[in-house]
Amino acid sequence: MIQIRPVSDLRNKFTEIESVVKEGSPVYLTKNGYGSMVVMSLETYSRLTDNVEYALDQADIAAENNPRRMSHEEVFDSIREKLNAK
């Protein structure tokens, strides 16, 4: 179940939040009724970012092996063409 708590719970009920986070679930914190931040374990954060880091490393390798450079307009035009062709 999604845990949504006021940000004051981070100070006042830290051990409760910590136990939820250790179980692998993120805790969404609100301030004045609006979403403010998410607390998660380092393991969960690593799982989220590892794929991104790997993809960026692969993009760096591809860029080193390909001398062609494209402007952002060329990239987005190419993506739009592919999306419109479907």
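Tutor: Buried means under 20% relative accessible area, exposed means over 50%, and partly exposed lies in between (1.4 Å probe, protein chains only). The model is predicted, so local features need pLDDT of at least 70 and side-chain atom pairs pLDDT 80 or more, while totals for chains, interfaces and linings use all residues. Residues are numbered from 1 along each chain as its sequence is written, and side-chain values use heavy atoms, with hydrogens and water left out.

Student: Is lysine 22 buried or exposed?

Tutor: Lysine 22 has a relative accessible area of 65%. The cut-off for the top class is over 50%. Lysine 22 is therefore exposed.

Student: Which residue forms a salt bridge with lysine 22?

Tutor: A salt bridge is a side-chain nitrogen of Lys or Arg within 4 Å of a carboxyl oxygen of Asp or Glu. The partner of lysine 22 lies four residues away in helix H2, about one turn of the helix. That partner is partly exposed, at 31%. With 3.8 Å from N to O, the residue that meets lysine 22 is glutamate 18.

Student: Which buried residues does H2 have?

Tutor: Helices are DSSP runs (H or I) of at least four residues, strands are runs (E) of at least two, and both are numbered from the N terminus. H2 covers 14–22. Its buried residues are Ile17, Val20 and Val21.

Student: Why do these residues count as being on the same side of H2?

Tutor: The buried residues in question are Ile17, Val20 and Val21. The arc is that of the directions from the helix axis to the C-beta atoms. They lie on the same side of H2 because they cover an arc of only 100°.

Student: Which exposed residues are on the face of H2 turned away from its buried side?

Tutor: Exposed residues are found on that face of H2. One of them is lysine 22, at 65% relative accessible area. The exposed residues carried there are Thr15 and Lys22.

Student: Which elements do the buried residues of H2 pack against?

Tutor: Packing is judged by contact, meaning heavy atoms within 4.5 Å. Valine 21, one of the buried residues of H2, is in contact with Val27, Val39, Met40 and Ser41, leaving aside its neighbours within four places in sequence. The buried residues of H2 pack against strand E1 (3–6), H1, E2 and strand E3 (34–39).

Student: Which element gives the largest share of the largest nonpolar core?

Tutor: A nonpolar core is a set of buried Ala, Val, Leu, Ile, Met, Phe, Trp, Tyr and Cys residues joined through side-chain atoms within 4.5 Å. The largest one has six residues: Ile17, Val20, Val21, Val27, Leu29 and Val39. Helix H2 and E2 each give two or more of them. The largest share, three residues, comes from H2.

Student: Which strand holds tyrosine 28?

Tutor: Tyrosine 28 is partly exposed, at 35% relative accessible area. Not counting residues up to four places away in sequence, tyrosine 28 touches Ile2, Gln3, Ile4, Arg5, Met37 and Val38. Its strand spans residues 27–31 and is E2.

Student: How many Å apart in space are tyrosine 28 and methionine 70?

Tutor: The two residues are 42 apart in sequence. The spacing is taken from C-alpha to C-alpha, and it is 39 Å.

Student: Which residue meets glutamate 16 in a salt bridge?

Tutor: Side chains of opposite charge can pair when their charged atoms come close. Glutamate 16 meets its partner, arginine 5, at 3.3 Å, N to O. Glutamate 16 lies in helix H2 and the partner in strand E1, so the pair ties together parts that are 11 residues apart in sequence. Glutamate 16 is partly exposed at 38%, whereas the buried partner, at 14%, is arginine 5.

Student: Which helix holds both aspartate 77 and arginine 80?

Tutor: Aspartate 77 forms a salt bridge with arginine 80, with the closest N and O atoms 3.4 Å apart. Aspartate 77 is partly exposed at 41%, and arginine 80 is partly exposed at 48%. Three residues apart, about one turn of the helix, both lie in helix H4.

Student: How many salt bridges does a search of the whole structure find?

Tutor: One of them joins lysine 22 and glutamate 18, and another joins aspartate 77 and arginine 80. For the whole structure, the number found is four.
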